[in-house]
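Please open the model in your viewer and keep the selection tool at hand, since each stop on this tour begins with something to select.

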Amino acid sequence: EKGGYEHFMLKEIFEQPRSILDCLRGRMIPEKGHLMMSGFFEYENKFAKANRILIVACGTSYHAGLVAEYLIEDLARVPVEVEYASEFRYRNPIINENDIVIAISQSGETADTLAAIELAKSKGATIFGICNVVGSSIARATDAGAYTHAGPEIGVASTKAFTAQVTVLTLIAMIMGRRRGTIETTKLNQLMVELESIPGKVEQALQLDEQIQKISAVFKDASSFLYLGRGYNFPVALEGALKLKEISYIHAEGYPAAEMKHGPIALIDEHMPVVVIATKDSSYEKIVSNVQEVRARKGKVIAVVTEGDNVIPSMADYVVEVPETNEHLMPLLSVIPLQLLSYHIAVMRGCNVDQPRNLAKSVTVE
Ligand code: F6R
């Protein structure tokens, strides 16, 4: 059942080239300019006309929501707010019948997310669900939705569900951008072609496994990790830190790299591993300076870079290279080494990777 892998989590990490492909299947054919999602089709107009979009989710699904905020605002120019479902449901939020709420949930059973949906519904908002488990409570409670088609996720730490969520949200942002005329046809076509190449590039990123195992051995006894990223890689930093906390029980914090100087930089010394996601994108130059700031305080830098980069590797202690892609799609690649890093560290620490202490796959309590 684990397909020859030692744990479900590892199997699921390695399934990602296939699960992303399954998620794209029938929804995008770049050669034909075909881009469409059946569950989304009848709501395209409504989404295109929306004044704003609210995204509610928890945990890893919330991180996928943060990526979506950047994607939708950038490609479709519609304001997006992302909120933890647990906060949204208890704080008397402003919401009405013109709002569209996207609820993201792997299990489709998360109590806080379900309650947020019910609240938004009672105010007349339109609810769109992005779930992995077919027929789940959230899938049934929404007006419409799209499944992620990642297949059953057994490991408690979410991996392939995250990349599938980001894939669906990317398609939504692209469809919205096309409908609203906020994305040029050539750019849209280029993005489609690039998205189609992502499963192959994820496959390439998975070949980092052995290299990451070696890095894991160096840092497995660290008591704390910092994860830094900017732009599209900021939510990836949060996700990398969450993965490490969940399964290895090492304290970790994800931060937007520029926020470091407002506090967390005080933590950095020679004992602090700092994972910097520093791929070639519009914030690359800025993150180079952030790496220098960490180095100047003797922090140990583990950098995720774009293949062929020779600037960051000259400054970092450890470097892993992911293939080049459009910055909108980079989270799908840059998260892979972070999933593997948390997995190997947890295994080396003798932790129960698939069923970490105190956690459940579906959080059906508030
Ligand atoms: C992270 C993790 C949790 C879930 C969260 C939401 O690895 O497993 O943080 O992401 O409980 O769960 P879903 O997506 O099922 O609503």
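The largest cavity in this predicted model has a volume of about 70 Å³, and to see what surrounds it you can select I212, I215, V275, I302, V304, V320, P337, L338 and L341, which line it. Colour this selection by class and you will find 9 nonpolar residues in the lining, with no polar and no charged ones. Helix α11, strand β11 (300-306) and helix α14 each supply at least two residues of this lining, and α14 gives the most, with 3 residues.

Next, select helix α11 (residues 209-219) together with helix α14 (residues 331-348), whose axes come within 9 Å and cross at roughly 50°. Because angles from 65 to 115 degrees count as roughly perpendicular and those under 35 degrees as roughly parallel, this angle makes α11 oblique to α14. The crossing is right-handed, and the contact is made by D209, I212, Q213, I215, S216 and A217 on the side of α11, and by P337, L340, L341, H344, I345 and M348 on the side of α14. By class, this contact has 8 nonpolar, 3 polar and 1 charged residues.

Keep α14 selected and add helix α10 (residues 185-206), which packs with α14 at an angle of about 25°, their axes lying 9 Å apart. The two helices are therefore roughly parallel to each other, and their crossing is right-handed. To show the contact, pick L195, I198, K201, V202, A205 and L206 of α10 and L332, L333, I336 and L340 of α14; by class it has 9 nonpolar, no polar and 1 charged residues.

What lines the second largest cavity? Select R230, N233, I277, A278, T279, D281, S283, Y284 and I287, which surround this space of about 40 Å³, and note that the lining has 4 nonpolar, 3 polar and 2 charged residues. The structure holds 2 cavities of 30 Å³ or more.

For the last stop, turn to the largest pocket, in which about 520 Å³ of space lies. Of the 23 residues that line this pocket, the closest to its centre are C58, G59, T60, K361 and V363, so labelled here for you to select. You can then colour α5 (59-76), β5 (100-105), α7 (111-122) and α12 (234-248), each of which supplies at least two residues of the pocket lining. By class, that lining has 8 nonpolar, 10 polar and 5 charged residues.

Notes. Residues numbered from 1 in each chain as written. Predicted model: local features only at pLDDT ≥ 70, side-chain atom pairs only at ≥ 80, totals over all residues. Heavy atoms only, no water. 1 Å grid on protein atoms, 1.4 Å probe; cavity = no way out; pocket = protein on both sides within 12 Å on 5 of 7 lines; lining within 4 Å. Points joined across faces, edges and corners; volume = space filled by probe spheres on them. Helix = DSSP H or I, 4+ residues; strand = E, 2+ residues; numbered from the N terminus. Nonpolar A, V, L, I, M, F, W, Y, C, P; charged D, E, K, R; others polar. Axes fitted to C-alpha atoms, helices over the stretch in contact; angles between N-to-C directions. Parallel < 35°, antiparallel > 145°, perpendicular 65-115°, else oblique. Left-handed = near helix turned anticlockwise from the far one by under 90°. Contact = heavy atoms within 4.5 Å.
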